[in-house]
Structures are given as structure tokens and as C-alpha cells.
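Colleague: I am just starting to read protein models, and I would love a close look at one part of this one. Could you walk me through a single pocket and then show me what surrounds it in the rest of the chain?

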Amino acid sequence: MDYLWEDTIAAIGTPIGKGAIGIVRISGKDSLKILKEIFRTKEGSKKEKFENRKMHYGLVVDRFEEPIDEVLAVYMRAPKTFTGEDVVEIHSHGGIVVVRKILREVLSNGARLAEPGEFSMRAFINGKIDLVQAEAINELINATSEVGAKLALKQLEGALSNKIKELRDKLLEVKAYIEAAVDFPDEEIEIFETGHIREKILEIVEKIEKLVSTYKDGKVLKEGIKVAIVGRPNVGKSSLLNAILKEERAIVTEIPGTTRDIIEETVTLKGIPLRLIDTAGIREAIDKVEQIGIERTMKSLEEADVILFVIDGSVGFTEEDRKISKVLKKKENVILVINKKDLGLKLSCRESIDWKECVELSAKSTEGIDELGEKIVNLVLLKPETLLKGEEPLLTNERHRELLESAKKSLLKVIDSLDTGFESPEFISMDIDEALYSLGKIVGQVTTEDMLDIIFSKFCIGK
């Protein structure tokens, strides 16, 4: 994207459509000038003075001095604003026509339509937020659960940024220690003590590993648990999906093979999204359409965090169930679901010793559904309340994980050099610089235009 930082930018900051309020945001050196051009008092006169951070009631007019809407406008003077620039917000009645007409007047008076994420990028460029916090804004906007929103808010407050800063500071201390050996090679006192350096580097590696280890839980809390419901036809998979969703989403009939394609729905459990996938029953396909459905089922099994293996408990374990069991036996993430408890069970969890996790339930009466929900969450991660109360931040972003792994790799090179007796301070310093570079890219202390484009292009316009 071709950003021109001297431009004044504008965009609609609220969702397009009907609503009580619509907001047009302006940022840049000409923000106040544009406001003065289009704003009129209730009596119809121009207003020359706008107090900082105070709402002003009046009208927005077009170039013919025709009123567009009654508004509240606020001017916020730089640098104490989100972007670090002069910012104006115009609050009008909601509605696509009114808000777009106001935006059109703003643009015709010198502003440029903002690119996606350009307000947040300006906040980053002007030092108001770092790159982790900028990404957290987007994650907060796109959060699909309460837990995901809390994680994003923690990132926005600087939990991860502070941890990365701590790692960088410790590395810089080690680097300064090493560079002293380079700058003062003839000193009688031994400056370059390899044992001390090794200890410090290992300490930093351990902290990086601890942070990286939170990625699995962080990703699940942010994106949700992918749950595949699998079993032979007509054991109640679709009924189970409906019971968990508490609504009739999937078609339920007595005819085997009714579900011939993947059905995916999302429900929130303990603040965590469950992405439920009702798969086609696994059996010998009777036609090409059903075969495609079964192939998609097998793919869903590979991608799932949890697999619910559903059997008809009123019938017991059939030969078809045993065939599916062979496919699932090697997997650690399977919960055996003995369904149709309301009809009387010929098989119990106590007898199903081959399965680590098992629950007896009735999808029809919903008995046992809450217990199943507990098992799904506990199979994947610790209780979310425990994770969120932890002092250590959780990684939720693949970019952050990859860069931390890269930093760790560079530091392990240092350890390897010290262990093999290759103790050249110059080369060790180069490996530490690589680690510092990787950590700097996480928070944006090292950036490229391409990297910023990729990150901010995912934002919505107006943010």
C-alpha cells in the first residue's frame, strides 16, 4: 500500500447499515481545517474555535450550505490522540446515506480515504503503540468469544510487549559484556567469561521456550476448539450437534446417511468457541456424492482438536463401529460418546476400557451434554480461568511464535559455539544480533514496508 504520511485521512468508523450513531473519523494536519469548512452552528454560522476534547453540537452542511445532519463533533489535538496526530470525530445519526454523505464532504475538502488499518499504522509510526499492540487491536475487533477478547486486551495493554522488552534488555546486557572483550582485548582482567555468558544465554532460551509453549493454548483460546463428530450412520451425530447447539441445525431422520456433507457450527462454552463439525457417516459409499462426503470426513479428523466418536449405546458396539475404531485408535484426542442413554444402554463407559475418555449421554433428552462439554475443554487445555489469571502472557499469533523460534535458534548457535570451544567474541556477537533482530521484529523495532503492509491490510477501513 502506498501510504502518504503528510495526507489527512478519513473513513467511516462504524459498521455500514442502520444504527443509532454513525462516526466519521479524520486524522492529520488538516483535520480541524476540514471540520471548520463543513460544520455550522445550529443558527447556521461557521464556528472558528473548537475546544480540545469537547463535544460541539451543530450541523454538517454540503458545498451548497444545505444541512446533511445534526451532529456532535469533537476535535482532539495532537499528540495526545490515538494516531498521535490531530483527530476529528463527527458523530451523526446512523444510516448508510447520511454517514456516506458526511464522508463525501470531508473528502471533497481535502482528506483522502484511509487505507485498511491506516489509523492504527499511524499510531504505530508515531510511537503510540508497538506492533504487538497494533495486532491486538485487530484481534480484539475480530474476537469471537469473551476469552478471545480478554486475551487481545491483555496484548493491547502490553503484556507480551513487556515480556519481549525484558528478553531484549537481557540480551543487550550480554552483548555489552561481549563487546567489552572486543574493545579491550589487552586488559589483564578476564572480561570474556564463557561460563557466565552461557548461563545468561540459557536463561533467556528457557524464557523463550516457556513463552512459545503457551502458543497451543493461546491459539485454542483465540480461535476455538475444532470438534469433529464422527461415527457410523444413524447413531445420533446430528442429534448430538443439535443438542450442543441447543437448536435444530442439522436434519435428523431415521434414514442412514442423511448427512452427506460437512456441517460446521460454532457455540461458546466457558467463553471458548467450539467449532462443531457434523461429518458424514463413515461406511462404504453407495454413490459418488457420499464418497466425497466421507473423504471430507477423513480430512476433518486430521484437522480436529477433539474427535467425538459416537456410537448407539442401545445397540452396542457393531462391526461398523469396530472399523471406525481402528481408524481412531492411534489418536490421543478422542472421546467415546455412548449415545441414546434414554433407550437403555447395552454398553457402558466402565466396559470401554480401551478409551481414555468416555461419556454416556442422550442427545434426545440432553442428559450428559454438560459433562461432555467439560471433557472437550479439559482434553485440549487447562481451565481457561486458570490460563487468563496467569502472570505470563499467552502467544496467540503465529508470526510471534515463528520469530521467537528464530531468536531461540540464533541463541542455541551461541551455546553450540561455546560448547565446542569456538569462542570468538565477534562471531558470538553476530548470533546475538540475529536474536535481537528477531525479537525486534515482533514489536516493530525492526520493520519493512512489506511486513507492515501484510499486517495492516488485514484491518478494516476506519481502524
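Modeller: Happy to: we will take the second largest pocket, then a residue in a helix, then a sheet, and finish with the whole chain.

Please keep in mind that this is a predicted model. The second largest pocket holds about 300 Å³ of space. Its lining is made up of Glu135, Asn138, Glu139, Asn142, Lys222, Asn397, Arg399, Met451, Ile454, Ile455, Lys458 and Phe459. Two elements, helix H4 (131-141) and helix H16 (449-456), each give two or more residues to that lining. If you sort the lining residues by character, you find four nonpolar, three polar and five charged. Glu135 and Lys222 are among the lining residues, and both count as charged because Glu and Lys belong to that class.

Next, try finding Gln155 on your screen, in helix H5 (residues 146-156). Is Gln155 buried or exposed? Gln155 is buried, because its relative accessible area is 3% and the cut-off for buried is under 20%. Now look at what lies around Gln155. Setting aside neighbours within four places in sequence, its contacts are Val132, Gln133, Ala136, Leu160, Leu394 and Thr396. Leu394 is a nice one to pick out: Gln155 and Leu394 are 239 residues apart along the chain, yet their C-alpha atoms are separated by 8.7 Å.

Now for the sheet. Six strands form an open sheet in the order E9-E10-E8-E11-E12-E13, and the pairing is mixed. Strand E9 (263-269) and strand E13 (357-360) are at the edges; each has a single partner strand, so one side of each has no neighbour in the sheet. From one strand to the next, the twist averages 25°. For a closer view of one pair, follow strand E8 (residues 225-230) and strand E10 (residues 272-278), which run parallel and are joined by five bridges. Within this pair, Lys226 has Arg275 in E10 as its bridge partner.

Finally, let us step back to the whole protein. You can count 16 helices and 13 strands in it. Of its 463 residues, 50% count as buried, and Gln155 is one of the buried residues. Among contacts between residues at least 6 apart in sequence, 65% join residues at least 24 apart. The contact of Gln155 with Leu394, 239 residues apart along the chain, is a good example to keep on screen as you explore.

Note on methods. Residues are numbered from 1 along each chain as its sequence is written. This is a predicted model: local features need pLDDT of at least 70, side-chain atom pairs count only at pLDDT 80 or more; totals for chains, interfaces and linings use all residues. Side-chain values use heavy atoms; hydrogens and water are left out. On a 1 Å grid over the protein atoms alone, a cavity is a set of points where a 1.4 Å probe fits but cannot get out, and a pocket is an open set with protein on both sides within 12 Å along at least five of seven lines; lining residues have an atom within 4 Å of a point. Grid points are joined across faces, edges and corners, and a volume is the space filled by probe spheres set on the points. Helices (H or I, at least four residues) and strands (E, at least two) are DSSP runs, numbered from the N terminus. Buried means under 20% relative accessible area, exposed over 50%, partly exposed in between (1.4 Å probe, protein chains only). Contact means heavy atoms within 4.5 Å. Two strands pair if DSSP finds at least two bridges between them. Axes are lines fitted to C-alpha atoms, for helices over the stretch in contact, and angles run from 0 to 180 degrees between N-to-C directions.
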